[in-house]
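Visitor: Please show me the structure. Then take me through the helices, the contacts and the surface.

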Amino acid sequence: ALPSSGPAAVTFLAVLRRADFRSLWVAQMASQLADKFLVYTLLIVIFALTGRSSTQSLVLLAYTLPSILLSAPAGVYADRHDKRTLMLSTNAARAFLVVLMPVCLITPGLNDQPWPLIVITLLFSSVGQVFAPAEAASIPFLVNRDQIMIATSLFMTTVVGTLVAGVPLATVTIKVTGTRVPFLVAAALFVVSTVMV
């Protein structure tokens with residue numbers, strides 16, 4: 001990374017002028033938006049399948065449990081391996097897993113069962129635990145030392161922004177296209193994230 005030129009260079013705009021950082025930021029934005037699309041759509045689909053909120057709780061448990069159990073080991077693993085390779089492989093794996101969900105919904109014998117979606121959600125979340133630490137560890141290589149705090153805060157703001165934007169966008173997509181297309185939108189966003197990495 002090129003050095004900043006004085007305090008004036010420590011701004012959001014200066015950080016976003018760095019092409020490599022900007023690519024990683026767009027990758028993060030796409031993957032976070034895909035993640036929110038997926039979770040919201042899953043909750044709608046699972047409730048439509050079962051009519052029980054307890055099954056929705058199982059989806060949320062499958063989504064959050066890997067972050068409790070795997071985040072520390074995933075951070076250690078990410079620290080010892082190539083960050084770009086990890087981000088590429090985890091995004092590709094998540095895109096594949098997301099595509100499996102609508103496939104399950106049209107496969108006879110699976111299309112009326114919630115458990116395949118819950119198992120895929122567990123796998124999806126487990127794979128995703130490696131992406132965040134690899135991404136965070138990449139930031140210091142893409143910006144100058146005095147820009148790290150601004151770059152990190154931009155990433156955190158994006159997490160909140162995609163949470164706020166993701167649910168309304170998923171709601172509109174479901175309303176217009178039904179419950180299958182949002183899975184494909186999420187998979188496409190993971191492909192965008194992979195390309196940007």
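Guide: One term to begin with: a charge sits over a ring if NZ of Lys or CZ of Arg is within 6 Å of the ring centre and within 35 degrees of the ring normal. This is a predicted model, in which local features need pLDDT of at least 70, side-chain atom pairs count only at pLDDT 80 or more, and totals for chains, interfaces and linings use all residues. Residues are numbered from 1 along each chain as its sequence is written, and side-chain values use heavy atoms, with hydrogens and water left out.

Visitor: Over which ring does the charged end of arginine 94 sit?
Guide: The charged end lies 4.9 Å from the ring centre. The ring belongs to phenylalanine 131.

Visitor: How far does helix α2 reach from its first C-alpha to its last?
Guide: Helices are DSSP runs of H or I with at least four residues, strands are runs of E with at least two, and both are numbered from the N terminus. Helix α2 covers residues 19-50, 32 residues. The expected span is 1.5 Å times one less than the number of residues. For α2 that expectation is 46 Å, and the helix comes close to it, reaching 46 Å.

Visitor: Which residue just after α2 takes a positive phi?
Guide: The phi is about 70°. The residue is glycine 51.

Visitor: Is valine 45 buried or exposed?
Guide: Buried means under 20% relative accessible area, exposed over 50%, and partly exposed in between (1.4 Å probe, protein chains only). Valine 45 lies in helix α2. Its relative accessible area is 5%, so valine 45 is buried.

Visitor: What distance separates the C-alpha atoms of valine 45 and leucine 117?
Guide: Along the chain these two residues are 72 residues apart. In space their C-alpha atoms are separated by 9.4 Å.

Visitor: Which side chain meets lysine 36 in a salt bridge?
Guide: A salt bridge is a side-chain nitrogen of Lys or Arg within 4 Å of a carboxyl oxygen of Asp or Glu. A search of the whole structure finds one. Its N to O distance is 3.5 Å, and both residues are buried. The partner of lysine 36 is aspartate 35.

Visitor: Which helix gives the nonpolar patch its largest share?
Guide: Patches take residues with over 30% relative accessible area and no salt bridge, joining like charges within 9 Å and nonpolar side chains (Val, Leu, Ile, Met, Phe, Trp, Tyr) within 5 Å. Accessible areas come from the Shrake-Rupley method with a 1.4 Å probe, and for residues only the protein chains shown count as cover. This patch has about 620 Å² of accessible area together, and its members include Leu58, Ile68 and Leu122. Six of its residues come from helix α3 (residues 53-79).

Visitor: Why does leucine 70 count as partly exposed?
Guide: Leucine 70 is found in helix α3 and belongs to the nonpolar patch. It is partly exposed because its relative accessible area is 33%.

Visitor: What is the geometry of the aromatic pair of phenylalanine 124 and phenylalanine 190?
Guide: Rings of Phe, Tyr and Trp (its six-membered ring) pair if their centres lie within 6.5 Å; planes under 30 degrees apart count as stacked, over 60 as edge-to-face and the rest as tilted. The whole structure holds two aromatic pairs. In this one, the centres are 5.7 Å apart and the planes meet at 65°, which is edge-to-face.

Visitor: Which helices does that pair link?
Guide: Both phenylalanines, 124 and 190, are buried. They lie 66 residues apart, in α5 (residues 115-142) and α7 (residues 181-196).
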